[in-house]
Amino acid sequence: MLNIILITLAVIVIVLLVIVALQPSNFRVARSTTISGPAPAVFAQVNDFHKWEAWNPWGKIDPAMKQAYEGAPAGVGAIYIWVGNKEVGEGRMTITESHPSDLIRIR
């Protein structure tokens, strides 16, 4: 009976390991939203990381969050870096593509 239990556990572990090994090592998160407002005004708020403080919800979660800006002041090449508490975390975003009033891609 003990042998059957051990073999069953070993098979389960092996199956789980195979499933984990077959998963991709990278993942992508994409979000989009529609904002009712004039496109140039909305674009200006998103295309310039310095303007994010006015509407960024993470700033309210961690008012002591450290923020830094690098690269271009706005548009392609603009970089936003933050370090906050455990809820906010830390990260870096770079605007990689920017078409006025139409599209902004951020990595």
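1. Aromatic pairs. In this predicted model, the count of aromatic pairs comes to six. One of them joins Trp 52 and Tyr 80: the ring centres are 6.2 Å apart and the planes stand at 45 degrees, so the pair is classed as tilted. The angle falls between the limits of 30 degrees for stacked and 60 degrees for edge-to-face pairs.

2. Position of this pair in the chain. Trp 52 belongs to the loop between α2 (39–47) and α3 (57–61), whereas Tyr 80 sits in strand β2 (residues 78–83); the pair therefore ties together parts that are 28 residues apart in sequence. Trp 52 and Tyr 80 are both buried, that is, each has under 20% relative accessible area.

3. The wider cluster. Trp 52 and Tyr 80 are also members of a cluster linked by ring pairs. The other names in this cluster are Phe 49, Trp 55, Tyr 69 and Trp 82.

4. Secondary structure. The protein chain contains three helices and four strands. Read from the N terminus, the order of elements is α-α-α-β-β-β-β.

5. Overall dimensions. The radius of gyration of the protein chain is 22 Å, against a value near 13 Å for a compact globule of 107 residues. The C-alpha trace spans about 70 × 30 × 30 Å along its principal axes.

6. Burial and contacts. Of the 107 residues in the protein chain, 19% are buried. Among contacts with a separation of 6 or more, 29% are accounted for by residues 24 or more positions apart.

7. Surface and charge. The protein chain exposes about 8500 Å², and 64% of this area is supplied by carbon and sulfur atoms. The chain carries 9 positive and 8 negative charges, and the mean positions of the two groups are 4 Å apart.

8. Lys 60. This residue is found in helix α3. Its relative accessibility is 67%, and Lys 60 therefore counts as exposed, the cut-off being over 50%. Lys 60 and Val 20 are 40 residues apart along the chain, and their C-alpha atoms are separated by 37 Å.

9. Ser 101. The backbone of Ser 101 merits a separate remark: phi is positive, at about 60 degrees, although the residue is not a glycine. Ser 101 is located in the loop between β3 (90–99) and β4 (103–106). With a relative accessible area of 38%, Ser 101 is partly exposed, in contrast to Lys 60, which counts as exposed.

Technical notes. Residues numbered from 1 in each chain as written. Predicted model: local features only at pLDDT ≥ 70, side-chain atom pairs only at ≥ 80, totals over all residues. Heavy atoms only, no water. Helix = DSSP H or I, 4+ residues; strand = E, 2+ residues; numbered from the N terminus. Rg over C-alpha atoms; globule rule 2.2 N^0.38 Å. Buried < 20%, exposed > 50% of the residue type's maximum accessible area, 1.4 Å probe, protein only. Contact = heavy atoms within 4.5 Å. Areas by Shrake-Rupley, 256 points an atom, 1.4 Å probe, with all protein chains shown as cover. Lys, Arg positive; Asp, Glu negative; His and termini not counted. Charge placed at Lys NZ, Arg CZ, Asp CG, Glu CD. Phe/Tyr/Trp six-rings, centres within 6.5 Å; stacked < 30°, edge-to-face > 60°.
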